[in-house]
Amino acid sequence: MDFNVKKLASDAGVFFTRAVQFTEEKLGQAEKTELDPHLENLITRADGTKNWTEKILRQTEVLLQPNPIDHTGARIEEFIYDKLDKKLPSRTTNAELLGQYMLEAANEFGPGTPYGSTLITVGEYQKQLGGAEREFLHTSAVNFLSPLRNFLEGDWRTISKERRLLENRRLDLDICKARLKKAKQAEAKAAAAPDFQETRPRNYVLSASASALLSEEVDKAEHELRVAQTEFDRQAEVTRLLLEGISSTHLNHLRCLQDFAEAQATYYAQCHHYMQDLQRELNRCANAVGAPQSSAAVCPNPVSSTFLSGPTSPGATVSSSSGQRPSTLTMEQTQLPVTGTRKAKVLYDYDAHDSSELSLLADELITVHTVPGMDPDWLIGERGNEKGKVPVTYLELLS
């Protein structure tokens with residue numbers, strides 16, 4: 001290996017000189033070149049962006065992976081697969097695992113028993129909830145966490161490197177300023193000294209060669225200062241351009257934030273939809289078990305909702321397959337007495353699961369009323385000649 005001793009010694013000397021300059025500036029014993037106010041503002045803004053991006057990234061990771069042990073293991077696994085240039089396998093969520101345990105327990109207890117059939121119903125919905133969570137985690141990681149992490153590990157490292165280089169150029173500039181100042185002071189002091197050859201000893205007489213040396217030292221210091229000033233200005237411009245790119249970073253993170261919020265809205269809408277379906281299934285199960293003619297009745301099998309692309313808003317719902325779900329009430333066949341009528345505004349879209357229910361569209365107005373003995377979570381809704389059960393949670397009752 002070619003070991004350049006002279007270069008090593010030169011670099012060590014430069015480092016030591018910069019360290020001395022930095023220390024004297026901190027102690028107030030040396031002048032410091034101040035950066036342009038615009039550049040200072042850009043630096044402050046960039047530091048704030050970096051600090052808050054780190055905090056948001058860490059807290060989002062905690063939100064998506066609350067368990068610290070699982071979080072650490074997931075990050076290590078992600079790092080390993082990234083280095084191996086392989087796709088990270090999809091991990092089973094806790095809800096999916098819970099659903100699997102319920103299904104296995106149902107097989108052991110008997111799927112035809114009330115408890116076994118209910119385990120199957122709840123287990124299937126837990127698996128659907130887990131699938132929605134897994135999709136949410138994946139979408140958030142790709143559209144939100146990765147861009148933030150790429151900024152910290154990529155753009156910010158470049159900015160930090162150029163800022164360190166700018167600081168070194170500033171220290172070099174101030175060193176040259178101090179050196180020129182000392183050279184001029186020495187030249188002025190020498191020029192002001194008395195030159196009386198007849199009264200002064202010979203070693204105190206300012207010779208022409210000494211004056212020339214001092215003048216040469218001043219010229220050299222002025223040249224070094226011009227070079228240092230040029231390098232400092234060039235580096236300041238490079239750093240300024242990089243720091244102004246923080247505005248583009250903010251725009252990119254804004255889009256990522258919107259994607260993250262949309263993924264959250266989709267996930268929570270899916271969870272709400274699944275839980276509404278599960279509640280209806282459990283209510284039917286309870287009614288079936290409580291009926292005198294069906295003491296051995298079991299819960300109906302759950303119906304998987306189709307979330308191919310997910311809702312686009314927190315209130316949106318997605319239609320679910322209901323071809324195999326038996327109708328427990330046919331409005332055309334049963335005339336229900338009206339006990340009170342009022343208007344209601346529909347908050348979210350709702351797709352009827354069977355002929356006893358009424359499909360709804362967000363923001364429409366319908367007429368609703370109750371019937372004796374009806375589940376309090378449901379009302380009878382009417383729209384023109386259409387009539388059917390509607391969930392209370394999807395309505396805003398008007399006075």
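These are my notebook entries on two helices and one sheet of this structure, which is a predicted model.

Entry 1, helix α5. I looked up the run from residue 114 to residue 192 and checked its length against the 1.5 Å expected for each residue: the 79 residues of α5 should span 117 Å, and the end C-alpha atoms lie 111 Å apart, which agrees. I then followed the axis of α5 and found a bend of about 40° at Ala141.

Entry 2, helix α2. I repeated the length check on residues 37-64, where the 28 residues of α2 should span 40 Å at 1.5 Å a residue, and the end C-alpha atoms are 40 Å apart, so the two values agree. At the N-terminal end of α2 I found a cap by Asp36, which places a side-chain oxygen 2.9 Å from the backbone nitrogen of His38. Next I listed the buried residues of α2, among them Leu39, Leu42, Ile43 and Ala46, with Thr49, Thr53 and Leu57 further along, and Thr60, Glu61 and Leu64 also on the list. As background to that list, I noted that residues three or four places apart in an α-helix point the same way, because there are 3.6 residues a turn.

Entry 3, the sheet. I traced five strands in the order β4-β3-β2-β1-β5, forming an open sheet with antiparallel pairing. The edge strands are β4 (386-391) and β5 (395-397), each of which pairs on one side only. From one strand to the next I noted a twist that averages 40°. Looking at β3 (residues 378-383), I found six bridges joining this strand to β4, with the two running antiparallel; Gly381 has Gly388 in β4 as its bridge partner.

Methods: Residues are numbered from 1 along each chain as its sequence is written. This is a predicted model: local features need pLDDT of at least 70, side-chain atom pairs count only at pLDDT 80 or more; totals for chains, interfaces and linings use all residues. Side-chain values use heavy atoms; hydrogens and water are left out. Helices (H or I, at least four residues) and strands (E, at least two) are DSSP runs, numbered from the N terminus. The expected span of a helix is 1.5 Å times one less than its number of residues. The bend at a residue is the angle between axes fitted to the seven residues ending there and the seven starting there. Two strands pair if DSSP finds at least two bridges between them. Axes are lines fitted to C-alpha atoms, for helices over the stretch in contact, and angles run from 0 to 180 degrees between N-to-C directions. Buried means under 20% relative accessible area, exposed over 50%, partly exposed in between (1.4 Å probe, protein chains only). A polar contact is a pair of N or O atoms within 3.5 Å; within protein, one must be able to donate a hydrogen and the other to accept it, and residues adjacent in sequence count only if both atoms are side-chain atoms.
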